[in-house]
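Q: Please take a close look at how the strands of this model are arranged and at what packs against them. A connected account would be more useful than a list.

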Amino acid sequence: MAAAKSNTNWFAIGVSAAVVVILVVLGGLVVFLNNQATAPGVAPKSDIVNEKTGAITFGGGDETIDTYVDFMCPVCGQFEDAYGEQLQAAAADEKITLNIHPISILDHLSQNTEYSTRAANSMYCVATEAPDSTLDYFNSLFANQPQESSAGLTDEELTSLATQAGADAAASCISDGTYSSFVTARTKETPPDPETGRMGTPTVTINGDRINNADIPAEFSKILG
């Protein structure tokens, strides 16, 4: 009887140890999957792309202006109509350093096609495969901006615009969504509105300071004239 009791105890201990091992393995799997879900993914490698911040950089002036844009956002389109040409000209003249951050906060307004992410991904594809074509492609995305709450442009249409801009090498990157996870990770780092704490587009920082949208005209006037 004593021997039987001893065997039973060892069996219980063995079962307990096995349960602990299983729980540890499951816990590790959960952590791994969570890390995979939030991982920044493949970073674009280009002379004009900052792999850490996601900034696509033009010019090298002392004054640094960062813009965060969503290609589905109609106010971003209005912002580019108002300031895009001026900002790009100032960057070309080395008057400013212009950092453009393609982000995706309006995927939910593109009929489940995730247009904001796909368009932002395509910007990184062009910046990687054809850096000299990046600004032309950027401008064409806004010139052909779809309406908010529409399905947006297809990958084939994005590829066609890239080809027109001289970036036909970006085709497979666009269709594969190579930098989609990178876009998602960088979007989470967009500076929030200092008053509401919410993220929005367009977002502008000047020399690292977040600017309220109402103050953009006055601040740009100081720098751009």
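**The sheet and its surroundings**

A: Five strands form an open sheet with mixed pairing, in the order S1-S3-S2-S4-S5. S1 and strand S5 (209-211) are its edge strands, each pairing on one side only. From one strand to the next, the twist averages 25 degrees.

Some conventions come first. This is a predicted model, in which local features need pLDDT of at least 70 and side-chain atom pairs count only at pLDDT 80 or more, while totals for chains, interfaces and linings use all residues. Residues are numbered from 1 along each chain as its sequence is written, and side-chain values use heavy atoms, with hydrogens and water left out. Helices (H or I, at least four residues) and strands (E, at least two) are DSSP runs numbered from the N terminus. Two strands pair if DSSP finds at least two bridges between them. Angles run from 0 to 180 degrees between N-to-C directions, and axes are lines fitted to C-alpha atoms, for helices over the stretch in contact.

The protein chain has eight helices and five strands. Their succession from the N terminus on is α-β-β-α-β-α-α-α-α-α-β-β-α.

Strands of a sheet pair through backbone hydrogen bonds, either parallel or antiparallel. Both senses occur around S2: its pairing with S3 is parallel over seven bridges, whereas S2 and S4 run antiparallel and are joined by four bridges. On the S3 side, Ile 65 has Leu 98 as its bridge partner. S2 is also mostly covered, with five of its seven residues buried (under 20% relative accessible area with a 1.4 Å probe, protein chains only; exposed is over 50% and partly exposed in between).

Thr 67 is a residue of strand S2. With a relative accessible area of 2%, Thr 67 is buried. Contact here means heavy atoms within 4.5 Å. Setting aside neighbours within four places in sequence, Thr 67 is in contact with Phe 79, Leu 87, Leu 98, Asn 99, Ile 100, His 101, Thr 203 and Val 204. Thr 67 and Thr 201 are 134 residues apart in sequence, yet their C-alpha atoms are 8.7 Å apart. Across the strand pair, Thr 67 stands opposite Val 204 in S4.

Helix H4 packs on the sheet and touches S1, S2 and S3, its direction making about 110 degrees with that of S1. Seven of the 10 residues of H4 are buried, so this helix is largely enclosed by the rest of the structure. Those buried residues are Thr 134, Leu 135, Tyr 137, Phe 138, Ser 140, Leu 141 and Phe 142. They pack against S1, S2, H2, S3, H3 and helix H5 (155-164). Helix H8, in turn, lies across S2, S3, S4 and S5 and runs at about 40 degrees to S4.

Helix H2 is also part of this packing. Its buried residues are Cys 76, Gly 77, Phe 79, Glu 80, Tyr 83, Gly 84, Leu 87, Gln 88, Ala 90 and Ala 91. Their packing partners are strand S1 (56-58), strand S2 (63-69), strand S3 (96-102), helix H4 (134-143), strand S4 (203-206) and helix H8 (216-224). Cys 76 is buried because its relative accessible area is 0%, and Cys 73, at 4%, counts as buried too.

The expected span of a helix is 1.5 Å times one less than its number of residues. For the 19 residues of H2 (residues 74-92) this gives 27 Å, and the end C-alpha atoms are 26 Å apart, which agrees. H2 nevertheless has a kink of about 55 degrees centred on Tyr 83, where the bend is the angle between axes fitted to the seven residues ending at a residue and the seven starting there. After H2 comes Glu 94, with a positive phi near 60 degrees.

Another tie involves H3, one of the packing partners of H4. A disulfide is a pair of cysteine sulfur atoms within 2.5 Å, and by this rule the count is one. The sulfur atoms of Cys 125 and Cys 173 are 2.1 Å apart, and the link is left-handed, with -75 degrees about the S-S bond. Cys 125 lies in helix H3 (residues 115-129) and Cys 173 in helix H6 (residues 171-176), so the pair ties together parts 48 residues apart in sequence. Both cysteines, Cys 125 and Cys 173, are buried.
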